[in-house]
Amino acid sequence: MNRGLAAVVLASGIVGLLAGCGPQRDPTATYISLEQARKIARDHVYPATVRVDARRSEFVGGEKRRMGGTGSGVIFDDQGHVLTNYHVAGRAEEITCILFNKERVKARLVGSDPWTDLAVLQLDLAEVQQKGATFQAATLGDSALMEEGDSVLAIGSPFGLSRSISNGIIGCHDRILGTGLDLGGGLETGLFNTWFQTDAAINPGNSGGPLVNFRGEVIGINTRGGGGNDLGFAVPINVAKEVIRQILEKGKVTRSTVGMSFQPLQDLEAFLEVGKTEGAVISSIDPEGPAAKAGIQPRDILVEYSGAKVEGRYPEQLFDLRRRISDTPVGAKVPVKIRRAGEVLPLEITTEELTTVRSQEQDYPKWGFVGQDITERLALRENLHTTKGVFVTGVRAGAAGEQAGIGKGDVIVRVGEQDVNNAAELRKTYDAAVRAKQAMILLKVHRGLAVVPVVLRITYDEGKKPATPPVKK
Amino acid sequence: MRTCTMTVWAAVIVAVTSAAGPLRADPIAEQIRKAREAALNSSVVVSYYVERDDGVRADIRMLGTVVGPDNLVMFTSAAISSQFALSQFHDFKLIVTKGDDIQTYAAEYLGKDDLAQVAFLRVTDPKAPKLPPLEFQTGVTLEIGDPVLSFTSLGEPDGYARVIHLSRVGARIDQPVTLWLTAEGLGAPGTPVVTLDGKAMGIVGFTRLNRGTNARPNWSLGEVIWPAERFMERLKNPPKGGSLVKRPWIGVQTVTPVTKDLAEYYKLGDRRGVVIGQIVEGGPAEKAGIKAEDLILALDGKDLKGTEGQLVENFTNNLRERKIGDTVAMEIWRAGKTETLKVTLVQEPKSAAEAERYKNTQVGLGVREMVTMDRLQRELPASESGVVVSFLDPAGWARDGGLQAGDIVKKVQDQDVKTLADFRRVFDAEIKKKPKEIVLFVLRGKKDTQLVRIETHWDAAEKPKADTPGAPKPDAGGDKKPVEKKSDAGAPPRAEKAPK
C-alpha cells in the first residue's frame, strides 16, 4: 500500500504544519495528502522564484562578443536578493528578472562564486515599487536533513518557459560528480560540495532555480542536468548559506588553500597502519604551497585540522573536508596533526588565498590577442613554472598575433628586451608601442619549458586609406 | 659482371614469356618489361608478427628486396614501428614465390635505420637458395616527367602476385636532401624505384611531404622517391642483432626557424638559421655553452639555408647525418653578437621503444624504464626517477586498482623503485609473498601523486575453474588474454604505409 495514498487527509492549516511538525519522515508527524503538501510547497516558494535573463560581454576567439542566457533564481530575503547560478549571471553586466507575477524588473550582480557555481543578485527595488510589483522571500531550509526518497519540487524556467514546476524525490543526497568540473574556460567548480540528485525534471534554464522540500523550504539550487533522463543535480542550500553570507558582507567569497590534495582512506588503512576512519590520505602536495612549507609530504595522513578530527574514508567525505579547509580565514595559522610512520606530528599550516584560474582579461587589439594575469591556480592547472607573464586566452583570427603563430596558452614573458610581469604591464608596453606606431614587435613566449621568439608585424594605416582619385572622364 | 648476366637472362625470360607478342608495338611497354625484371627477381615477401602489449598479435606481410649476398633483405623501416619494443617482434620469415610455388624460410631481423628509412633481415634457413640481389645505383638524376617503375603485390590467396606501378616524376625537392615526388601512386614503401633503362635508383619512401601533416585543401601530397644515396651506406654496412641505428644528438628541444621577420628584427640580413627553445639538462649543447633563445646560423662555417618550413629539418638532418663523437662548430648569435661554440655529438638517448620492459601477467601490468623523452614531454627534472606503466590488462588486478597507462611508479610497497631493475627486484619479491594488496606510489600527469592499491585474488588466479561457493570468482570469468589472430594475409602490404 502506498504511503501517500494511505495518508490521512487533514484539513490542517499551513501554519500549523510548518510550525508544529517535523519532516514528514517523523513518525509523530501529522500526515496530509501529497497533493496538498505539494501545493503548500508551491505556495511558499513559487512567488519567490524568478526568471533571470543575463547578458555579458566575453572574449571569444580574441574578440569581444555579447552573450546572453536565461536561467532561474530565488528571492531569499525582503531586500530583494536573488540566489542563482554563477553560470547564469556570475559575470553578467545586464540582468533582468521576471517575477512570478510576470512583472519585469532590472537587477544587478552583488557577488558570485564559481567554486560553488552560485551568484547573488539584487533586484532594483525602485523599479519594483514603481511597477507596483510584489514578491515574496523564500525560506532557506536545512539541506542536511534531506534524505533519499524525500519529495521535492524544482521551480524555474526550463528552456525559458517561465514559472514551471516539476516534481520528484531526492535520488541521492550526497552524489559526487568527480573533481575538476569545468564551468567553461577552464574555470573549476564542484570541488567543495556534494550534490543532491533528483528525478524532478531539470533542463537548461532551470539553472539557479530552487529545489524545494514539501515543507516549502529551499533545500538546493538546481545547477546541472545529468545528460540522461530524470537526472538533475542541485547544490545543497547549506553550501549556499555561507556563500550568501560572504557575498552580502563583502561582495565576494574568499577561500583558503593549503596546497594539498587528498585521496580516500578506504582500503588503504592496513597498508598505512591506521584505523578505518582515521583521517584522509594526502596524495599530492603543491611544492610551493603552504603544506609543503609546513613540511607535509605526500602519503602523510591528515588526522586533525584546526582542532577537529578529519574523516576521509570515502570520496564523498573529501568534499566536506576541502570545504572546511577552504572556509578557514586566509592567512590563518592552523594547527594540524599528521600521521607519518606510526607517529602523530603536530604541525602548523599558514593558509593562502585560493584563486581561480581566471583573472580580468586584457585586450591587445592591434596585436590580435587577449590575455590575463597568471593566478596561482592557473599556474598549477596549466603546469606553468612562474606566475610572471601574460597568459594568452584568445587569439583573433587573421590578426598579427595569429599570423606570427601566437596561440592560446602561450605565456608572453618579454617584449623586446623588457620583462612582462602581468597583463597591466603588457598593456602599458602595448599602448606605448601603438603610440609610437612600432611596426615590428618581438615577443618572447613560454611554451612548456621552451622560450620561443615571435615577431609581430603591425600596420597602422587603418581608417586612413588614401582617397581614391576622381575618375576623369 | 653478375648483374650483366642477370640482365641477359632476364631479357631471355621476357622474350619467352612474351612469345605471344604484344598486339601493337609499344616501345614503352617493351621497356617496362625489360626494366622490371631485375627488381622482380629480387622481390620477396617479408613476414613477421607483433605481439602488442595487450597480448593481441598482429601479422604483418610486406614486400622486401634482396640486396646483398647471403640473402640480405631490405624493407621499409616504417614497418618496424617504434611504438613496440624489439622483443615484441616475432617470427621473421621470408616468403619466396615463383608462380604457384611459395616457399617460406626462417630469417633473422638485423635492425633498422629510421633516417635512411630501411630495415634489414637475413635468411637463416640453410635450405634457402641463393637469391639474386638487386643492385641499387647512386647518382641517377631524374628529370620532371621521367617515367619510373615501382612495385606492390596482391595477398597470399593470389600468391603475392606482383603489380607494377608506372608513374612519372612530378617534382624535385632539395631540402633537406634531394628527392623526387610523383603525383601518381607509387608502389609499397621500401620497394625499389626503377628507371625505364633498368636502374634501381631508390625506393618508395616517406617524408613530411607525404606523411600528411598538412591538412590544407588543394595541397597536393606526392609520393616520395627516396634515392639510393640515402641508404647505400647502410646497405653496405647493415645493422646487427636487431639494433636501431643510433644517430648523433645535441640535446636541444623546441627548435624553430629564424623567420624572415625575426631576421629583419635582429638585422641578420640574408642570414637564416634556427632558434633554440630549450636546452636538455646535461646534454652536449648545454656543455658547449649554448643557451635557450640562442640562434644558430651556421654549422662548420656553412650557413643554414632553406625556406621557413625547411630550416629546422635541414638543421636536424645535417646533425643526424654526422658521426657520433664528431665535433661541430656552431655559429651562435646571442644578443647581437656571434660566437662559435664547439659541440660534441653524442649518441641519441634511448627511445621508449628501446626501453627495457617488465611484465607481470598475473597482476596484469607492464612497466618500462623511464627514458629522456618521458622527462622532456612531461617537463620533469632530469633527476626524476621511476618506471612508466606501459601496459594494463583490461581485466587485470592493476587496472581494477586504478592504475593508469603512463603513470610513473615511484614506490612499490613503500620501497623506492628508481630503475627498472629496482622495480623488478622489489616487485618480484613482493609477488612471491602473495600479498593481499600491492600499494604503489605513482606520479600521474606532470605533478599529481597518489597511492594506488592493487587488490590481489591469488586463490582465484590459481584455480580459475574453482566454482566452490565462497571461493572468490576469477576476474571476468574467462580468458584474460584474448588472442585475436589477425589473418589479414590478403591485405596489401601498403597497409603499413604511414597514413596520409
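The paragraphs below go through a predicted model with chains A and B, from whole chains to single residues.

In this predicted model, local features need pLDDT of at least 70 and side-chain atom pairs count only at pLDDT 80 or more, while totals for chains, interfaces and linings use all residues. Residues are numbered from 1 along each chain as its sequence is written, chains are lettered from A and ligands numbered from 1 in the order in which they are written, and side-chain values use heavy atoms, with hydrogens and water left out.

Chain A has 12 helices and 30 strands; chain B has 10 helices and 28 strands. Helices (H or I, at least four residues) and strands (E, at least two) are DSSP runs, numbered from the N terminus. Of the 473 residues in chain A, 49% are buried, and of the 500 residues in chain B, 47% are. Buried means under 20% relative accessible area, exposed over 50%, and partly exposed in between, with a 1.4 Å probe and protein chains only.

Chain A exposes about 21,600 Å², of which carbon and sulfur atoms supply 50%. For chain B the exposed area is about 24,100 Å², and carbon and sulfur atoms supply 51% of it. These areas come from the Shrake-Rupley method with a 1.4 Å probe; for residues, only the protein chains shown count as cover. A contact means heavy atoms within 4.5 Å. Among contacts in chain A with a separation of 6 or more, 60% are between residues 24 or more positions apart. In chain B, 60% of the contacts between residues at least 6 apart in sequence join residues at least 24 apart.

Next come the cavities. Rolling a probe the size of a water molecule over the atoms shows where empty space is left. Here a cavity is a set of points, on a 1 Å grid over the protein atoms alone, where a 1.4 Å probe fits but cannot get out; lining residues have an atom within 4 Å of a point. Grid points are joined across faces, edges and corners, and a volume is the space filled by probe spheres set on the points. The structure holds four cavities of 30 Å³ or more, and the largest has a volume of about 60 Å³. Its lining includes Tyr46(A), Ile98(A), Phe100(A), Ser157(A) and Arg163(A). Strand β1 (residues 49-60) of chain A gives the most to this lining, with three residues. By type, the lining residues are five nonpolar, four polar and two charged. In this division Ala, Val, Leu, Ile, Met, Phe, Trp, Tyr, Cys and Pro count as nonpolar, Asp, Glu, Lys and Arg as charged, and the others, Gly among them, as polar.

One of the lining residues, Arg163(A), lies in the loop between β8 (151-156) and β9 (164-175) of chain A. Arg163(A) is partly exposed, with a relative accessible area of 37%. Most residues other than glycine have a negative phi. The phi of Arg163(A), however, is positive, near 60 degrees. Asn383(A) also has a positive phi, of about 55 degrees. Asn383(A) sits in the loop between α10 (376-382) and β26 (390-395) of chain A and is buried, with a relative accessible area of 12%.

A third positive phi, near 50 degrees, belongs to Ala341(A) in the hairpin of β21(A) and β22(A), which has two residues between the strands. Strands β21 (residues 333-340) and β22 (residues 343-350) of chain A pair in the antiparallel sense over eight bridges. Two strands pair if DSSP finds at least two bridges between them. Val336(A) stands opposite Leu347(A) in β22(A).

In chain B, all six of the six residues of strand β16 (residues 274-279) are buried, so β16(B) is largely enclosed by the rest of the structure. Strand β15 (residues 252-257) of chain B pairs with β16(B) in the antiparallel sense over five bridges, and Val252(B) stands opposite Ile279(B). Two bridges join β16(B) to the antiparallel strand β17 (residues 295-299) of chain B. Helix α6 (residues 311-320) of chain B has buried residues, including Leu311(B) and Phe315(B). What covers the buried residues of α6(B) includes β15, β16 and β17 of chain B.

The last residue is Gly80(A), in the loop between β2 (63-75) and β3 (81-84) of chain A. Gly80(A) is buried, with a relative accessible area of 0%. Among the residues that Gly80(A) touches are Leu121(A) and Phe135(A). Gly80(A) and Leu121(A) are 41 residues apart along the chain, and their C-alpha atoms are separated by 8.2 Å.

Definitions and conventions:
1 Å grid on protein atoms, 1.4 Å probe; cavity = no way out; pocket = protein on both sides within 12 Å on 5 of 7 lines; lining within 4 Å. Lists of a residue's contacts leave out its neighbours within four places in sequence.
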